[in-house]
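Student: I have a structure open in front of me and I would like to learn how to read it. Could you go through it with me, one feature at a time?

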Amino acid sequence: YTGKSNDHILSDKVKTITVGHYKSRPVVVTESSSVYEAVTTMFLEDVGTLFVVDKLSTLSGVVSRKDLLRASLGQQSLESIPVGVIMTRMPNVTVCEDQDSIIEVAKKLINKQIDGLPIVKKVSHGSGYEVTGRITKTNMTSLLVDLANNETI
Ligand code: ADP
């Protein structure tokens with residue numbers, strides 16, 4: 001029985017898989033968008049997390065379903081609240097890059113108890129990040145299915 005070495009082969013293989021192979025398209029709103037617009041975007045785009053960017057298109061925050069629900073419990077009209085005031089703001093946003101190991105990213109999702117991360121690239125001039133993708137628990141489920149079918153690259 002060579003189960004142990006087969007397990008090592010599988011775990012070595014999984015560790016070489018990068019985020020870039022399993023990413024999804026990011027869905028982005030601007031800081032000045034209203035909570036109302038964010039809710040609409042979430043339904044139309046069928047995502048659970050929106051990334052928020054500033055006027056220069058650099059990442060400034062993340063808005064989740066619960067953030068929007070919380071804002072909806074308040075007294076103010078949802079058209080009057082900008083997502084910029086309810087989002088989780090940089091530098092408190094956990095990010096990753098295309099070449100990061102998918103297992104390291106899975107660990108971040110577990111440790112931070114969040115559904116997804118923006119995939120970013122440093123902007124060439126100045127500071128900050130440009131958003132290039134999204135990686136979520138759904139992508140992790142696809143990876144699991146690919147592993148079971150022996151269909152990983
Ligand atoms: P939900 O709110 O639908 O449960 P999450 O568990 O992803 O979705 O979000 C929980 C909280 O963590 C929210 O306040 C959200 O703004 C924040 N959050 C989501 N993604 C990130 C991230 N990548 N980095 C930091 N905070 C995040």
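## Reading the model together

Tutor: Gladly! Let's start with one residue: D46 is exposed, with 7 other C-beta atoms within 10 Å. Keep in mind that this is a predicted model.

Student: Where does D46 lie, and what is its phi?

Tutor: D46 lies in the loop between α2 (35-45) and β2 (49-53). Its phi is near 55°, which is a positive value in a residue other than glycine. Q113 also has a phi near 55°, again positive and again not in a glycine. You will find Q113 in the loop between α4 and β5 (116-122). To judge its surroundings, count neighbours: 12 or fewer other C-beta atoms within 10 Å make a residue exposed. Q113 has 6, so Q113 is exposed.

Student: Which peptide bond is cis?

Tutor: The one from M90 to P91, with omega near 5°. P91 sits in the loop between β4 (88-89) and α4 (102-112).

Student: How confident is the predictor in this chain?

Tutor: Here is the general idea: where pLDDT is low, the predicted coordinates should not be read in detail. In this case the chain averages a pLDDT of 94, and 98% of the residues score at least 70. For the complex, the predictor gives an ipTM of 0.98 and a pTM of 0.94.

Student: How many helices and strands does the chain have?

Tutor: There are five helices and six strands. Follow the sequence and you meet them in the pattern α-β-α-β-β-α-β-α-β-β-α. As for extent, the C-alpha trace spans about 65 × 35 × 25 Å along its principal axes.

Student: What does UniProt list for this chain?

Tutor: An unreviewed UniProt entry lists "domain: CBS" for residues 22-80 and 87-152. Residues 22-80 are 32% helix and 24% strand, with end C-alpha atoms 36 Å apart. Residues 87-152 are 35% helix and 26% strand, and their end C-alpha atoms lie 35 Å apart.

Student: What should I look for on the inside?

Tutor: In soluble globular proteins, nonpolar side chains tend to be buried together. Here, 24% of the 153 residues of the chain count as buried. The largest nonpolar core has 26 residues, and V19, A38, L50, V52, V63, V83 and I135 have the most contacts inside it. The elements that each give two or more residues to this core are α2, β2, β3, α3, α4, β5 and β6 (129-136). β2 gives the most, with four residues.

Student: Which residues is V19 in contact with, beyond its neighbours within four places in sequence?

Tutor: V19 is in contact with C96, D98, D100, I102, V105, I119 and I135. Across the chain, among contacts between residues at least 6 apart in sequence, 60% join residues at least 24 apart.

Student: Which residues are closest to the ligand?

Tutor: The closest are S64, R65, K66, T88 and D115, out of 14 residues that surround the ligand. β3 (59-64) and α3 (65-72) each supply at least two residues of this shell. α3 gives the most, with three residues.

Student: How do the residues of the shell divide into nonpolar, polar and charged?

Tutor: Four are nonpolar, six are polar and four are charged. Try finding S64, R65 and K66 in your view, which are among the residues closest to the ligand.

Note on methods:
Residues are numbered from 1 along each chain as its sequence is written. This is a predicted model: local features need pLDDT of at least 70, side-chain atom pairs count only at pLDDT 80 or more; totals for chains, interfaces and linings use all residues. A residue is near a molecule or strand if its C-beta atom, placed from the backbone, lies within 6 Å of it. Ala, Val, Leu, Ile, Met, Phe, Trp, Tyr, Cys and Pro count as nonpolar, Asp, Glu, Lys and Arg as charged, and the others, Gly among them, as polar. pLDDT is the predictor's confidence in each residue, from 0 to 100. UniProt positions are given in the numbering used here, feature names are shortened, and annotations may be inferred rather than shown by experiment. A residue is buried if 20 or more other C-beta atoms lie within 10 Å of its own, exposed if 12 or fewer, and partly exposed in between; C-beta atoms are placed from the backbone. A nonpolar core is a set of buried Ala, Val, Leu, Ile, Met, Phe, Trp, Tyr and Cys residues joined through C-beta atoms within 7 Å. Two residues are in contact if their C-beta atoms, placed from the backbone, lie within 7 Å.
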